[in-house]
Amino acid sequence: MAADGNTERTLSVDSRGRLLGLHATLFEAVLLGATLFGIVSLCILFGYIAFDAFRPLTASIRWYLLFAGTLVLPTTAFTLYARRRPAVRSANTKAFGAVGGALTVTLSTYIVVDALSPYDVVLCLLFGGYLPVVLWLIVRRTKRTPQTGLTIILAAVGGLAVAHGGYDLLRPIVGIAAQWIAYFGIVTLPVACGLWIFGRRRWSRQTARRAALSALGVVLLIVALALGLGIDPSFWVVVLSAFVIPVAVVIGEIGVTDPAGRIGSAGPFVLVGGLSAFLAVERQLGIDGPDGYLTATLLLESWHGLNASSAGVYPQIVGSIVTVGVMGVLAFPIGIGGALYLEEYAPRTGWSGRFATLLEVNISNLAGVPSVVYGLLGLALFRNALGFPTGIVLSAAGTLGLLILPIVVVSAQEALRSVPDSLREAAFGMGASRWQTLRTVVLPEAIPGMLTGTILALARAIGETAPLVIIAVATTKYSPPDGVLSSATVLPLQIFAARSNVDPAFRHGIVPAAAVVLLVLLLLMNTAAIVVRNRFDRRSQ
Amino acid sequence: MINQESTPAVQSTAETTEHTESTQASRGPAIEAHDLSVTYGTETALESVDIQIPDRQITAIIGPSGCGKSTFLRCINRMNDRIDAAAVSGALSFKGTNVYDESVDPVALRRRIGMVFQHPNPFPKSIYDNVAYGLRIQGISSEIDARVKLALKRAALYEEVSDSLEKSALDLSGGQQQRLCIARAIAVDPDVLLMDEPASALDPIATAKIEDLIAELSEEYTVVIVTHNMQQAARISDRTAVFLTGGELVEYDDTETIFENPEHDRVEDYITGKFG
Ligand SMILES: Nc1ncnc2c1ncn2[C@@H]1O[C@H](COP(=O)(O)OP(=O)(O)O)[C@@H](O)[C@H]1O
Ligand SMILES: [Mg+2]
């Protein structure tokens, strides 16, 4: 029948169909080729850098066996075991997240505070943080004014002004206290308060209070112990408050709420245990590891311009972290403020609307201006107009802050735009004022996106070199900065300087090793951005 | 009941909160429009509308798409303020106060005129926080638990969610979300409830539930409901207003009259489905 013949014709593969199939296959192959080319060339580049930094061929077979036996095997086995069971896997991820996050926070807090002087930080915190919060709580309790949010901001600004004005008087008073007390105020108290607030939501009021108080108690106990043994407890206060307590809380909670996945929280401990065993055996048996440049010396020591094996980039790491931190503090509020104005407040029609559109277009364009040009801007603004000394942290952070500001604004705008308008309508329809709508509906939805964008922008800035060369930041420094007004250098500049050292050990050893350090810093920041974004995704689904 | 001090601009009449049993005629209209027109730029969305919406009854607004039903509703609680292009002229009063008067605070107005939208739009918060939202932004901190529970009960949702109040509102079904939006709107005890096609995105069973709910709510609230569905208007409303293309209010009368014996041929054509 005709219909049958028809069906047969369309179903069988003819030469035209074969040709089309060939086209499709070819196209797919080209796409795959382009992807592979990109990935492989990146791998070769990173492999090359890592090879120079670690020098893996210099290690003995015994070392590799030890490495595999203590670190690779147990971790892999545990990961494979965890992957099969969803509950265990999620507990494992959570535990790793807690340990990694707490470790990053702990180390960067300690490094930054140590560089800036704990007494200065605690002074700022006292007047700009604790006093306003206490004041706010009092105002809230008595309910004198409806604008409690404004009180806290005014109090913080006023407090900081007082701290600044009375610095010469206040600093010696604060300085009487032992250093660990300053760290206690900087880290332990906020952690205990955070625990209390978090606990009130998660558990009961009583449990929360008990948890916060016992956190304080444990820290004080360790302090007493350390003082008894004659050790400076400062570092241990930070480690205990910012690392041990949060990790213990997260893992304790997994243990209670998720009995099926409980075993998963052992993941980080398998890794840490393996690492300790590895180090102990390595030292005990005197096994030689690879004779690379990425060593503890590189991470913890000061720069040395003549001898590559004793050169360290600790001052540069601190410089980078402090610069990025100050940059974030400068760029985040301004960028978010700009985005909020443009998205939520700016008029859309008339002359003022046109002005707002002009502003918006210009900000997007600024995001593409070459970084060297921002260097010139920084030079003109901070050195020539404001008269800052050459190469201080503040002008470096300010210049890079200007560089990332448009990116922060644009990504924050994107985050605000992704909040559905129906939510704003709902809030307005309930009789929320514009500010209430922002605070209760729009911001909670948009903040993760804003943070992600800002962190990615900071990650871009941490690798910037050109604008810092233009504003004459020192390319080599032997000590970390001790405040935002002191001079400092950053990792990429030191890499740049080491590249022209006459000693090849610098050019082919220190440079790649420092590059790996920089990449790891970058990786940490990107991971943070991804974690923030994933949390956001999970919540809005 | 709700914090009257915070809403000084909208005059509150004692009768609104007191009686429930007096006859319709003894109360003034809740909402009254005179020569109300709205334009979006050059486009006219409402053309000289005159209407008196009675207190504590259900008024349905029907008409083809684009005839200005939503625009009219959004005039009542000044949600049109959010649209720069919208220009309102004429008078619209709520309990005798001109809502477009300089001295009226739209925020205070919206606290007394609740709104339910076409697509359910719960906040991405817990069920409890959604219902408590209006109370919290008004600074009411007493008996939140009881008020939330009451609102959920009145919205016929309490049984379904009583043991999952802390769960995200986004996990609810579409019909449940819409009832949650109604609960959220009535938790603050408004005087008027505006509903813009509240059931158009829902399945028939959810729609039936919402209709029952609206019938019950009319004992305490003035309900103005926009609907696309003629049967729905006929089933639940006391009065019906028919808007036709061009933003014109063509006929406004008791629902029965509109559906059985309309004055205008165009209205009859529309109701019997000849166009629209
Ligand atoms: N935000 C707006 N901007 C411009 N025109 C609008 C806007 N909203 C509605 N309109 C126009 O106003 C008219 C009435 O719209 P609307 O009130 O939404 O009608 P309905 O709800 O009856 O379908 C339509 O022609 C529509 O195109
Ligand atoms: Mg509509």
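**Close-up 1. Meet the shell around ligand 1 in this predicted model.** Eleven names are worth finding here: Tyr40(B), Glu43(B), Ala45(B), Ser65(B), Gly66(B), Cys67(B), Gly68(B), Lys69(B), Ser70(B), Thr71(B) and Ile83(B) sit around ligand 1. By type, the shell splits into four nonpolar residues, five polar ones and two charged ones.

**Close-up 2. Polar atoms of chain B meet oxygen atoms of ligand 1.** Start with Thr71(B), where a polar side-chain atom is 2.4 Å from an oxygen atom of the ligand. Ser70(B) also brings in a polar side-chain atom, this time 2.6 Å from an oxygen atom of ligand 1. With Gly66(B), look to the backbone instead: one of its N or O atoms lies 2.7 Å from a ligand oxygen atom. How much of ligand 1 does the protein cover? Taken on its own, ligand 1 has 550 Å² of accessible area, and the protein covers 65% of that.

**Close-up 3. Strand E2 and helix H2 of chain B help build the shell around ligand 1.** Strand E2 spans residues 43-53 and helix H2 spans 69-76, and these are the elements that give two or more residues to the shell. Which element gives the most? That would be H2(B), with three residues.

**Close-up 4. Helices H7 and H8 of chain B pack together.** Now for a pair of helices in chain B: H7 covers residues 174-186, and H8 covers residues 204-217. Their axes are 9 Å apart, and the packing angle is about 15 degrees. Because of that angle, H7(B) is roughly parallel to H8(B). As for handedness, H7(B) passes H8(B) in a right-handed crossing.

**Close-up 5. Helices H13 and H16 of chain A cross.** Over in chain A, look for H13 at residues 314-345 and H16 at residues 393-417. The two axes come within 6 Å and cross at roughly 35 degrees. Left-handed or right-handed, how does H13(A) pass H16(A)? The crossing is right-handed. And what sort of residues make up the contact of H13(A) with H16(A)? The contact divides into 21 nonpolar residues, five polar and three charged.

Definitions and conventions. Residues are numbered from 1 along each chain as its sequence is written. Chains are lettered from A and ligands numbered from 1 in the order in which they are written. This is a predicted model: local features need pLDDT of at least 70, side-chain atom pairs count only at pLDDT 80 or more; totals for chains, interfaces and linings use all residues. Side-chain values use heavy atoms; hydrogens and water are left out. A residue is near a molecule or strand if one of its heavy atoms lies within 4 Å of it. A polar contact is a pair of N or O atoms within 3.5 Å; within protein, one must be able to donate a hydrogen and the other to accept it, and residues adjacent in sequence count only if both atoms are side-chain atoms. Accessible areas come from the Shrake-Rupley method with a 1.4 Å probe; for residues, only the protein chains shown count as cover. Helices (H or I, at least four residues) and strands (E, at least two) are DSSP runs, numbered from the N terminus. Ala, Val, Leu, Ile, Met, Phe, Trp, Tyr, Cys and Pro count as nonpolar, Asp, Glu, Lys and Arg as charged, and the others, Gly among them, as polar. Axes are lines fitted to C-alpha atoms, for helices over the stretch in contact, and angles run from 0 to 180 degrees between N-to-C directions. Angles under 35 degrees count as roughly parallel, over 145 as roughly antiparallel, 65 to 115 as roughly perpendicular and the rest as oblique. A crossing is left-handed if the near helix is turned anticlockwise from the far one by less than a right angle, and right-handed if clockwise.
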